[in-house]
Amino acid sequence: MPGEPAVLSIENLSVALPEGGDREFAVRGITLDVKPGETVCLVGESGSGKTVAAQSTIGMLPKALPVVAGRVCFESKSLPPQRSKAFDSLRGIKMAMIFQDAVASLDPVQRIGRQLEEILAVHGVDRRSRKKRVLDSLETARLPDPPRIYRSYPHQLSGGQAQRVVIAGSLLLNPRLLIADEPTTALDVTTQAEILDLLKDLKRERKASVLFITHDFGVVAEIADRIAVMKEGEIVETGSADAVLGAPEHPYTRRLLAAARKRDPAREASPAKRVLEVRNLSLDYKIGRLLSKKHIHAVKGVSLQLEEGRTLAIVGESGSGKSSLARCILRLVDASAGTIRFKGDDITEEKGSKLRALRKRIQFVQQDPYSAINPRQTVLSAIAEGPIIHDATKRDAEARATELLEVTGLSVNAGSRYPHEFSGGQLQRICIARALALEPELLVADEPVSALDVSIQAQILDLFRSLQSKFGFAMVFITHDLRVAQSISDDILVMKDGEVVESGAAAKVFSAPSHPYTKALLAAAPDIALRRRAAA
Amino acid sequence: MTAYILAKFARAAATLLIAVSLVFIFIRFSGDPAAALAPPDAPQEVIDQYAEAMGLDKPLWQQYASYIGGLLQGDFGYSIHTGKPALELFLERLPSTLRLGSTALLIALAVGIPLGSFAALNRGTKVDRFAMAFSVFAFAMPNFLFGLCVILGGALLFQTYFGGTDASVLPAALTLGLAAMGSFARFTRSSLLETINAPFMRAAEARGVPYMRRLVAHAAPNAAIPLVTLIGLSLGALIAGSVVTEQVFGWPGVGQLLVRSVATRDIATVQFIVLAIAFTMVLANLLVDMLYLVIDPRIRTR
């Protein structure tokens, strides 16, 4: 509705970064309006300042990041100073926020009901009506069996349920503005689609405004009315969703969109030596104590093979058993049944020094690069450690490490620095360099890009491809993200509940999925909407 | 949950059995009690008679069986020196040890936890650095040395002897509690720091929950979980922990009795005290495990 005053207007806001940061301002002179009933997506990579914009709106900017110019107005009035008590009467009532990690944003030792009622309590709602309002709100957020959820603790909920609970909490007092900071990034595609639907419906029914922060253009295409693209603290492009997605003006926007839409034509298969062959592999976990043992069948009779220089993507939602399978192949856990052959040798029960020798040939890249590196070790010594353990001289190992830093796109002097000085994407490059330092014949990568932004994802995937053609290793690539799987794999294996539901050449699986589950996964991928919109 | 409780009890029983068995073996191999009891120049026949009277001539497994059998019937044996039941000797000394230990624990809690919380809430300030420096000192100071300093200080400043049977419990308790105070402070600080920076604390702030309420209703219960373990361990050490301090201050407690009984190879008394120490440890651990059920729903509703 044009002419109506904006719910939120950020006017020429600048927030300083502490000295010694990589730039002077966290955000610089940004101006942005959110009108009643409108969803504005703030898009950018991590470090672009989009979270700082959100924090300044809800008064939670850290002390180290002072506002140096401009202001934020809410309902045409200037907001109180950051972190001031006056914000307590706005937060939860007038504006509410939902976060990326919903489970972590709930107090682990309090029941859901009590936590949601607290919101009503601190804003002076009468004790008797609280429970009913919470149950109603849980119902509105489409949670199954609200009374049970009301009694549950956060750890008893799935990620999707927890995000619904947080949304239910944010709606309790009908705020005019909802700030959502990457609310679906931690969820698998199916759940993500459901949460986005929920947010869209709620926005329509409640006429709330939404400031939606994301790095994912697939999500933007689903939900945005208007888009603001941020880069290095500045808004480089704003406009209606159709305008920005259909005809992006700024080169940066075009690059982000291209990264999101990236499709590699399936690479041709070539006959080559078999590196890995898994037959009927099963893995059972025993959980529980002495008297209440339970068996979890994480992997059930999986078979696969992989040839030299090729990439096999294992796709599935969380809990599908793909990481358990990877751990078996890596021989980090012992398979309960079945065989694993590596270059023709049965390695299922390899032990001792033979297993240690094998470790050098099969290497591992993990999901979260922040926790995968020892924070107290310099990058160079982290990369050189493996070769030194496997009998390389210190000089050779460090020479190789330095070379790998260059090959993986880092500066050579990065070697003497410590992990905390690097961004997530850079750290993942370091982890890859560390894995390759041992010249492995097989690389197992477990969700190596899912903690990274889309444009960084594209760079890391490019890096994997170029390193693979340079060094010729075979790769098992685990991901929940079909876009990623499609862009990197030669072959695909789709897993559900520990079993393989579909496998084959990537091109075939994507163009003609045969199993209903694969079809559902493909349909739920948010970039489908993106492509549809781009085509229109 | 029932399985959790049963498993904890089974483990407690096993721990006790292992503890008494080890003591049983080691005290017999570390010297002959009969020789220790007999006069220094007694001929071998006399020593043998003593051994026979105490049942030490029987094969080891028979001694063990009758010892365990006795334990199960509540017979803890008799002191070979005083002839009194070991249990009675122990109970005579217990109240003064408990008085010392519990006062020490209270001092440690009353100073350590507020100090740690204060440091956490003022992280990086001078207050924080001072508090942490103090707690490192408190933790690292050996209590026999600190105890001597306290006694010396008392004598020079107050012209009083802080040790002995009639003295106030406070100086000895302060000495005994100092180390625990330091570790409580450090532990509270790190646990609270981790909690106040947790995402759910930011989320509570974004919901409009005021500062004090966030601290009391959300931060404190979560930060308390790891602290409970530490407090439980200190509870378990109530009896065993004061051996050195009791010696330094001449405090007439169980610790002193233990030292004396070991020196004189008073088998039954040593065995009983070790059993009692193991029992308090196990009991405290059990208590902590049960308390976890109450304060941490992640265990209760697994």
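In this predicted model, an open sheet of chain A is built from six strands in the order 16-17-18-13-19-20, with mixed pairing. Its edges are formed by strand 16 (362-365) and strand 20 (499-505) of chain A, each of which pairs on one side only. On average, and ignoring direction, neighbouring strands of the sheet are turned by 15 degrees against each other.

Within this sheet, strand 17 (residues 442-446) and strand 18 (residues 474-479) of chain A run parallel and are joined by five bridges. A handy place to start tracing this pair is A:Leu442, whose bridge partner in strand 18 of chain A is A:Ala474. Two helices can be followed against the strands. Helix 10 (residues 322-329) of chain A lies across strand 13 (311-315), strand 17, strand 18 and strand 19 (491-496) of chain A. Relative to strand 18 of chain A, helix 10 runs at about 155 degrees. Helix 15 (residues 424-436) of chain A also packs on the sheet, where it touches strand 16 and strand 17 of chain A. The direction of helix 15 makes about 175 degrees with that of strand 16 of chain A.

The loop between strand 19 and strand 20 of chain A holds A:Asp497. This residue is not a glycine, yet its phi is positive, near 50 degrees. A:Asp497 counts as partly exposed, because 14 C-beta neighbours lie inside 10 Å and the partly exposed class falls between the limits of 12 or fewer for exposed and 20 or more for buried. A comparable description applies to A:Arg83, which is found in the loop between strand 5 (77-78) and strand 6 (95-98) of chain A. Here phi is near 65 degrees, again a positive value in a residue other than glycine. A:Arg83 is partly exposed, with 14 other C-beta atoms within 10 Å.

Attention can now move to helix 3 (residues 127-140) of chain A. This helix has 14 residues and reaches 21 Å from its first C-alpha to its last, close to the 20 Å expected at 1.5 Å a residue. Its buried residues are A:Val134, A:Ser137 and A:Leu138. These three lie on the same side of helix 3 of chain A because they cover an arc of only 100 degrees around the axis. The spacing fits a simple rule: an α-helix has 3.6 residues a turn, so residues three or four places apart point the same way. On the other side of helix 3 of chain A, the exposed residues include A:Arg128, A:Ser129 and A:Lys132. The packing partners of the buried residues of helix 3 are helix 2, helix 4 (146-151) and helix 5 (159-171) of chain A. Just after helix 3 of chain A comes A:Arg142, which takes a positive phi of about 60 degrees.

Taken as a whole, chain A contains 20 helices and 20 strands. Of its 536 residues, 47% are buried. Among the contacts in chain A between residues at least 6 apart in sequence, 70% join residues at least 24 apart.

Chain B has 14 helices and zero strands. Read along the sequence, chain B therefore gives a pattern written with α elements alone, as helices are the runs that carry this symbol. Buried residues account for 35% of the 302 residues in chain B. Of the contacts in chain B with a separation of 6 or more, 73% come from residues 24 or more positions apart.

One of the residues that illustrates such contacts is B:Ala185, placed in helix 8 (residues 170-196) of chain B. With 28 C-beta neighbours inside 10 Å, B:Ala185 counts as buried, since the buried class begins at 20. The C-alpha atoms of B:Ala185 and B:Ile113 are separated by 5.3 Å, although the two residues are 72 residues apart along the chain. Leaving aside neighbours within four places in sequence, B:Ala185 is in contact with B:Gly112, B:Leu115, B:Gly116, B:Ala131 and B:Ser135.

Finally, the two chains meet in a contact that takes 27 residues from chain A and 24 residues from chain B. On the side of chain A that touches chain B, helix 2 (residues 112-122) of chain A gives the most, with three residues. By class, that side of chain A has 14 nonpolar, seven polar and six charged residues. Helix 2 of chain A thus appears in two settings, as it is also among the elements against which the buried residues of helix 3 of chain A pack.

Conventions
Residues are numbered from 1 along each chain as its sequence is written. Chains are lettered from A and ligands numbered from 1 in the order in which they are written. This is a predicted model: local features need pLDDT of at least 70, side-chain atom pairs count only at pLDDT 80 or more; totals for chains, interfaces and linings use all residues. Two residues are in contact if their C-beta atoms, placed from the backbone, lie within 7 Å. Helices (H or I, at least four residues) and strands (E, at least two) are DSSP runs, numbered from the N terminus. Ala, Val, Leu, Ile, Met, Phe, Trp, Tyr, Cys and Pro count as nonpolar, Asp, Glu, Lys and Arg as charged, and the others, Gly among them, as polar. The expected span of a helix is 1.5 Å times one less than its number of residues. The arc is that of the directions from the helix axis to the C-beta atoms. Two strands pair if DSSP finds at least two bridges between them. Axes are lines fitted to C-alpha atoms, for helices over the stretch in contact, and angles run from 0 to 180 degrees between N-to-C directions.
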